[in-house]
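Here is a friendly note to read alongside the model. Please keep the 3D view open and turn it as you go through the points.

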Number of protein chains: 4
Amino acid sequence: MNEEAHGYISSKDDYLKRLRRIEGQARGLQRMVEDDKYCIDILTQVSAMTKALQSVALGLLDDHLNHCVVRAAAAGGPEADIKIQEASEAIARLVRS
Amino acid sequence: MNEEAHGYISSKDDYLKRLRRIEGQARGLQRMVEDDKYCIDILTQVSAMTKALQSVALGLLDDHLNHCVVRAAAAGGPEADIKIQEASEAIARLVRS
Amino acid sequence: MNEEAHGYISSKDDYLKRLRRIEGQARGLQRMVEDDKYCIDILTQVSAMTKALQSVALGLLDDHLNHCVVRAAAAGGPEADIKIQEASEAIARLVRS
Amino acid sequence: MNEEAHGYISSKDDYLKRLRRIEGQARGLQRMVEDDKYCIDILTQVSAMTKALQSVALGLLDDHLNHCVVRAAAAGGPEADIKIQEASEAIARLVRS
């Protein structure tokens with residue numbers, strides 16, 4: 001892992017496992033719709049999937065702050081400002097989605 | 001489509017198409033992680049996927065209110081109360097997720 | 001309480017009490033900013049206030065479904081469709097805010 | 001403004017103005033409930049108030065990242081880790097509220 005690597009690199013396998021599970025949830029939802037399952041039960045699964053996705057996002061963001069942002073802030077200069085602005089915009093998108 | 005069919009039945013194909021696209025987004029996220037893409041770009045995709053999922057949920061809920069809930073309310077009795085309570089709980093889960 | 005009364009009427013005092021508490025939280029936040037409190041502590045209070053507000057919204061919505069929507073659905077006709085559409089739009093605004 | 005001042009200090013007046021407006025929205029909601037306004041109209045105001053509150057939170061968080069977190073990261077050491085963890089937890093509370 002080099003100096004410039006992204007924050008999530010060290011837990012790449014963990015993220016891939018969680019995203020594969022989320023992909024499985026998307027397939028499970030299709031089966032529920034195909035099998036005419038009850039709307040409320042489908043909605044419960046959609047909420048669970050949304051939570052799982054949100055949790056991946058919060059993990060990625062934490063890794064990003066801990067690595068890319070801290071590194072840029074320590075180095076100083078305009079790069080730090082850019083990284084903070086990017087992070088703030090990403091946070092706003094998450095809070096509003 | 002019978003009397004008792006779920007609200008989303010008439011747009012089943014549309015929901016399946018949207019869920020397949022969401023499944024594709026989950027696979028796309030795995031590729032981004034595997035290819036060491038920039039954290040912020042991954043987060044942007046996660047927000048897009050969350051919005052798509054939320055939109056499916058709002059559609060299902062609207063169909064549910066329009067069909068199952070209206071039918072139960074028209075019939076009256078305890079079934080109506082149960083349906084409304086179920087719907088309220090599903091809404092709370094969506095708002096809080 | 002007449003036939004046409006809104007759903008929340010029977011618990012009006014409870015809603016007023018909760019909204020007064022929320023108003024108090026808004027004043028508390030102003031004091032925190034005036035006293036230069038630590039940003040993270042202010043954010044914790046903002047999250048608490050947002051949750052309190054969300055909980056009022058979910059309560060109002062539940063009352064609305066249980067009264068206005070059920071009454072309109074039982075009566076049938078175009079009024080029921082309008083009520084459901086209004087409710088769906090209100091739910092979408094809550095989920096997205 | 002000293003070195004250690006919180007990030008939001010320079011825009012304290014702006015935050016106070018926004019929080020006073022939010023306090024006014026809380027009072028407006030009480031009037032609506034007292035006057036038996038239509039539930040859906042109350043919910044629309046609740047959504048507007050939630051958005052205003054969320055926007056204050058995102059502003060405070062951005063200021064915090066730009067000042068407290070950047071300063072701690074530049075200084076290095078355990079303080080930086082603590083600041084990032086605090087910020088991540090605040091973000092998680094916002095995303096989940």
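**Notes on symmetry, helices and cavities**

1. Let us start at the rotation axis: E23(B) is the residue of chain B that comes closest to it, at 2.7 Å for the C-alpha atom. A turn of 180° with a shift of 0.0 Å along the axis lays chain B on chain A with an RMSD of 0.0 Å. That is the relation of a two-fold axis. Copies are superposed by least squares on the C-alpha atoms of residues with pLDDT of at least 70 in both. The same surface serves both copies, as 100% of the contact residues of chain B recur in chain A (contact means heavy atoms within 4.5 Å).

2. Before going on, a word about the conventions: this is a predicted model, in which local features need pLDDT of at least 70 and side-chain atom pairs count only at pLDDT 80 or more, while totals for chains, interfaces and linings use all residues. Residues are numbered from 1 along each chain as its sequence is written, chains are lettered from A and ligands numbered from 1 in the order in which they are written, and side-chain values use heavy atoms, with hydrogens and water left out.

3. Which chain does a second rotation superpose on chain B? Chain B and chain C are superposed by a rotation of 180° with 0.0 Å of shift along its axis, at an RMSD of 0.0 Å. Here 94% of the interface residues of chain B are also interface residues in chain C, so these copies meet through the same surface.

4. Now follow helix α2 of chain B, residues 39–75 (helices are DSSP runs of H or I, at least four residues, numbered from the N terminus). Its 37 residues should span 54 Å at 1.5 Å a residue, and the end C-alpha atoms are 52 Å apart, which agrees. The expected span is 1.5 Å times one less than the number of residues.

5. Where does α2(B) bend? The bend is at H64(B) and is about 35° (the angle between axes fitted to the seven residues ending there and the seven starting there). After α2(B) comes G76(B), with a positive phi near 75°. In chain A, α2(A) has a kink of about 35° centred on H64(A), and G76(A), just after α2(A), takes a positive phi of about 75°.

6. Helix α1 of chain C covers residues 12–34, and its 23 residues should span 33 Å; the end C-alpha atoms are 33 Å apart, which agrees. D36(C) follows α1(C) and has a positive phi, near 55°.

7. Finally, look inside: the structure holds 4 cavities of 30 Å³ or more. On a 1 Å grid over the protein atoms alone, a cavity is a set of points where a 1.4 Å probe fits but cannot get out, and lining residues have an atom within 4 Å of a point. Grid points are joined across faces, edges and corners, and a volume is the space filled by probe spheres set on the points.

8. The largest cavity has a volume of about 90 Å³. Of its 14 lining residues, V95(A), S97(A), S97(B), V95(C) and S97(C) are the closest to its centre.

Definitions and conventions: Helices (H or I, at least four residues) and strands (E, at least two) are DSSP runs, numbered from the N terminus. On a 1 Å grid over the protein atoms alone, a cavity is a set of points where a 1.4 Å probe fits but cannot get out, and a pocket is an open set with protein on both sides within 12 Å along at least five of seven lines; lining residues have an atom within 4 Å of a point.
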